Amino acid sequence: MSFSELIQSASLLVQLVMLILLLASVVSWFVILRKRTLIGSIRRAADKFEDNFWSGGRLHDIYESLRRRAREDKGLEALFRTGFEEFDRSRGSEAATKAELMAAVQRSVRVAHMREVDRLESGLAVLATIGSTSPYIGLFGTVWGIMNAFIGLGNAKHATLAMVAPGIAEALIATAMGLVAAIPAVIAYNTFTSQVERLESRFQAFAEEFIGIVERGVQTHSAA
């Protein structure tokens with residue numbers, strides 16, 4: 001029997017398990033490709049932004065170059081733009097003290113940091129769920145298929161291996177499909193988690209450096 005014939009001859013429940021695993025695999029690869037594109041774009045944007053930020057230019061000029069762009073800010077760009085806008089807005093308020101200004105900047109940068117990390121981590125829970133549950137879903141289909149095969153074997157007057165082999169084969173396909181869905185999801189989850197952690201540390205380091213630059217600028221302005 002061919003692979004397609006084994007699937008067509010499987011019981012309704014085993015076919016349902018196979019369909020669930022197929023959908024899980026499709027969703028997994030969709031998330032993998034989308035997450036790979038997102039992380040890659042944020043990493044490239046961070047490299048380009050840091051080169052520009054540490055080149056010695058004025059913060060206002062860097063902010064204006066970001067503001068004039070049509071595309072959405074990502075990663076470090078979002079942290080800087082949010083923090084600088086809050087600094088510029090709070091600085092324009094005469095009632096704001098230096099401590100209040102710095103607290104407002106720190107709060108806005110922290111919120112932007114959390115928002116960017118949440119963007120990076122979106123979809124990882126889906127990969128973790130698919131990677132951890134797919135083998136068990138496939139195993140359930142296998143157990144059910146083998147159980148049906150042996151029930152049919154017990155009802156036969158003359159039991160032969162040829163009678164039970166197709167049922168066992170179609171049941172084992174469910175296990176194979178579970179592994180096919182789970183293995184890429186687990187590998188991708190571990191890889192993306194490591195990359196997200198590195199980017200998160202990079203965001204945190206930049207946030208501290210940026211807040212330090214703003215604080216030194218405020219102190220210099222106050223001393224003047």
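These are my notebook entries on one predicted model, taken element by element.

**Entry 1. The chain as a whole.**
I began with the secondary structure and counted 7 helices and 0 strands. Read along the sequence, the pattern is α-α-α-α-α-α-α. I then looked up burial: of the 224 residues in the chain, 38% are buried. For the exposed surface I noted about 13000 Å², with carbon and sulfur atoms supplying 61% of it. I also checked contacts with a sequence separation of 6 or more, and residues 24 or more positions apart account for 80% of these.

**Entry 2. Helix α4.**
I took helix α4 next, which covers residues 76-91 and has 16 residues. From its first C-alpha to its last the helix reaches 22 Å, close to the 22 Å expected at 1.5 Å a residue. I listed the buried residues of α4: Leu76, Glu77, Ala78, Leu79, Phe80, Arg81, Gly83, Phe84, Glu86, Phe87 and Ser90. The charged side chains Glu77, Arg81 and Glu86 are among them.

**Entry 3. Aromatic pairs.**
I searched the whole structure for aromatic pairs and found 12. I looked at one of them in detail, phenylalanine 53 with phenylalanine 80. The ring centres are 5.8 Å apart and the planes stand at 75°, so I recorded the pair as edge-to-face, the cut-off being over 60 degrees. Phenylalanine 53 belongs to helix α2 (residues 12-53) and phenylalanine 80 to helix α4; the two are 27 residues apart, and the pair links distant parts of the chain. Both phenylalanine 53 and phenylalanine 80 are buried. I then asked which residues form one aromatic cluster with these two. The cluster consists of Phe49, Phe53, Trp54, Tyr63, Phe80, Phe84, Phe87, Phe206 and Phe210. Phe80, Phe84 and Phe87 also stand in my list of buried α4 residues. On the spacing of such positions I noted that an α-helix has 3.6 residues a turn, so residues three or four places apart point the same way.

**Entry 4. Packing of α2 and α5.**
I looked up how α2 meets helix α5 (residues 98-121): the axes are 9 Å apart and the packing angle is about 145°. On the α2 side I listed Lys35, Leu38, Ile39 and Ile42; on the α5 side, Arg119, Leu120 and Glu121. By class, the residues of this contact divide into 4 nonpolar, no polar and 3 charged.

**Entry 5. Glutamate 116.**
I stayed in helix α5 for glutamate 116. Is this residue buried or exposed? Glutamate 116 is buried, because its relative accessible area is 2%, against a cut-off of 20%. Not counting residues up to four places away in sequence, glutamate 116 touches Lys74, Gly75, Ala78, Leu79 and Phe203. Of these, Ala78 and Leu79 are buried residues of α4.

**Entry 6. Glutamine 195.**
I moved to helix α7 (residues 161-223), where glutamine 195 is placed. Its relative accessible area is 18%, so glutamine 195 counts as buried, under the 20% limit. Leaving aside neighbours within four places in sequence, I found glutamine 195 in contact with Ile39 and Arg43. Ile39 appears above as an α2 residue that meets α5.

**Entry 7. Alanine 125.**
My last look-up was alanine 125, in helix α6 (residues 124-155). With a relative accessible area of 53%, alanine 125 is exposed, since the limit is over 50%. I also took its distance to tyrosine 189: 8.4 Å from C-alpha to C-alpha, at 64 residues apart in sequence.

How values were computed
Residues numbered from 1 in each chain as written. Predicted model: local features only at pLDDT ≥ 70, side-chain atom pairs only at ≥ 80, totals over all residues. Heavy atoms only, no water. Helix = DSSP H or I, 4+ residues; strand = E, 2+ residues; numbered from the N terminus. Expected span 1.5 Å × (residues − 1). Buried < 20%, exposed > 50% of the residue type's maximum accessible area, 1.4 Å probe, protein only. Phe/Tyr/Trp six-rings, centres within 6.5 Å; stacked < 30°, edge-to-face > 60°. Axes fitted to C-alpha atoms, helices over the stretch in contact; angles between N-to-C directions. Contact = heavy atoms within 4.5 Å. Areas by Shrake-Rupley, 256 points an atom, 1.4 Å probe, with all protein chains shown as cover.
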